[in-house]
Amino acid sequence: MRYERAGRGGKEATVVERLGLSTADAETWCRELKRQLGCGGGVEGEDLVFAGDQRTRLPRLLEARGVARITVS
């Protein structure tokens, strides 16, 4: 998981990488996590992208979904 501003027009984004999900699963996870976080976002390739700095809230939600190793940068 990483925080980005570069290349996004100055907007903050939190990117979750390397989940190994199929396209359909990534869309489902993204939709459900956006609802839980109360933010916007989408799927870019294999990455889940969420609007704003979600680094403090997102790890707890990913752990509840069974993600074993979460690295925040």
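A: Two strands are said to pair if DSSP finds at least two bridges between them. With that idea in hand, we can read this model, which is predicted, beginning with its strands.

Q: How many bridges join β2 and β4, and in which sense do the two strands pair?
A: Strands β2 and β4 are joined over four bridges, and they pair in the antiparallel sense. To see one of these links in the structure, look for valine 15, whose bridge partner in β4 is valine 49.

Q: What joins β1 to β2?
A: Three bridges do so, and these two strands also run antiparallel. Here you can follow glutamate 4, whose bridge partner in β2 is alanine 13.

Q: Which residues lie on each side of β2, and are they buried or exposed?
A: The general idea is that in a regular strand the side chains alternate between the two faces of the sheet. In this structure, Ala13 and Val15 are on one side of β2, while Thr14 and Val16 are on the other. All four of them are buried, and both faces of the strand are therefore covered.

Q: How should I read a salt bridge, and how many are there by this rule?
A: The idea is to look for a side-chain nitrogen of Lys or Arg within 4 Å of a carboxyl oxygen of Asp or Glu, and by that rule the count here comes to six salt bridges. One of them joins glutamate 17 to arginine 2, where the closest N and O atoms are 2.4 Å apart. That pair links distant parts of the chain, since glutamate 17 is in the loop between β2 (13-16) and α1 (23-37), whereas arginine 2 is in strand β1 (residues 2-4), 15 residues apart. Glutamate 17 is partly exposed, at 31% relative accessibility, and arginine 2 is also partly exposed, at 23%.

Q: Where else should I look for salt bridges, and which residues do shared partners join into one network?
A: Arginine 8 forms a salt bridge with glutamate 4, with the closest N and O atoms 2.8 Å apart. In this pair arginine 8 counts as partly exposed, with a relative accessible area of 23%, whereas glutamate 4 counts as buried, with 15%. In another case, the side chains of arginine 55 and aspartate 53 meet at 2.8 Å, N to O; arginine 55 is partly exposed at 27%, and aspartate 53 is partly exposed at 37%. As for the network, salt bridges that share partners join Arg2, Glu4, Arg8, Glu17 and Glu44 into one.

Q: Why are cysteine 30 and cysteine 39 not joined by a bond?
A: In general we ask whether two cysteine sulfur atoms come within 2.5 Å of each other. The sulfur of cysteine 30 is 8.1 Å from the closest cysteine sulfur, that of cysteine 39, and this is too far for a bond, so cysteine 39 is likewise in no disulfide. A search of the whole structure finds zero disulfides. Both residues are hidden from the surface by the accessibility rule, for cysteine 30 is buried with a relative accessible area of 3%, and cysteine 39 is buried with 18%.

Q: Where is glutamine 54, and what is it in contact with?
A: Glutamine 54 is found in the loop between β4 (47-51) and α2 (58-64). Being in a loop does not settle whether a residue is buried, and here glutamine 54 counts as buried because its relative accessibility is 8%. Once its neighbours within four places in sequence are left aside, its contacts are Thr14, Leu37, Cys39 and Pro59.

Q: Are arginine 18 and glycine 9 buried or exposed?
A: Arginine 18, in the loop between β2 and α1, counts as exposed because its relative accessibility is 79%. Its backbone also deserves attention, with a positive phi of about 60 degrees although arginine 18 is not a glycine. Glycine 9, in the loop between β1 and β2, is exposed as well, at 77%. The C-alpha atoms of glycine 9 and threonine 28 are separated by 26 Å, although these residues are 19 residues apart along the chain.

Q: Which residue lies over the face of tryptophan 29?
A: Arginine 65 lies over that face, at 5.0 Å from the ring centre. Pairs between aromatic rings are a separate matter, and the structure holds zero of them.

Conventions. Residues are numbered from 1 along each chain as its sequence is written. This is a predicted model: local features need pLDDT of at least 70, side-chain atom pairs count only at pLDDT 80 or more; totals for chains, interfaces and linings use all residues. Side-chain values use heavy atoms; hydrogens and water are left out. Buried means under 20% relative accessible area, exposed over 50%, partly exposed in between (1.4 Å probe, protein chains only). Contact means heavy atoms within 4.5 Å. Rings of Phe, Tyr and Trp (its six-membered ring) pair if their centres lie within 6.5 Å; planes under 30 degrees apart count as stacked, over 60 as edge-to-face and the rest as tilted. A charge sits over a ring if NZ of Lys or CZ of Arg is within 6 Å of the ring centre and within 35 degrees of the ring normal.
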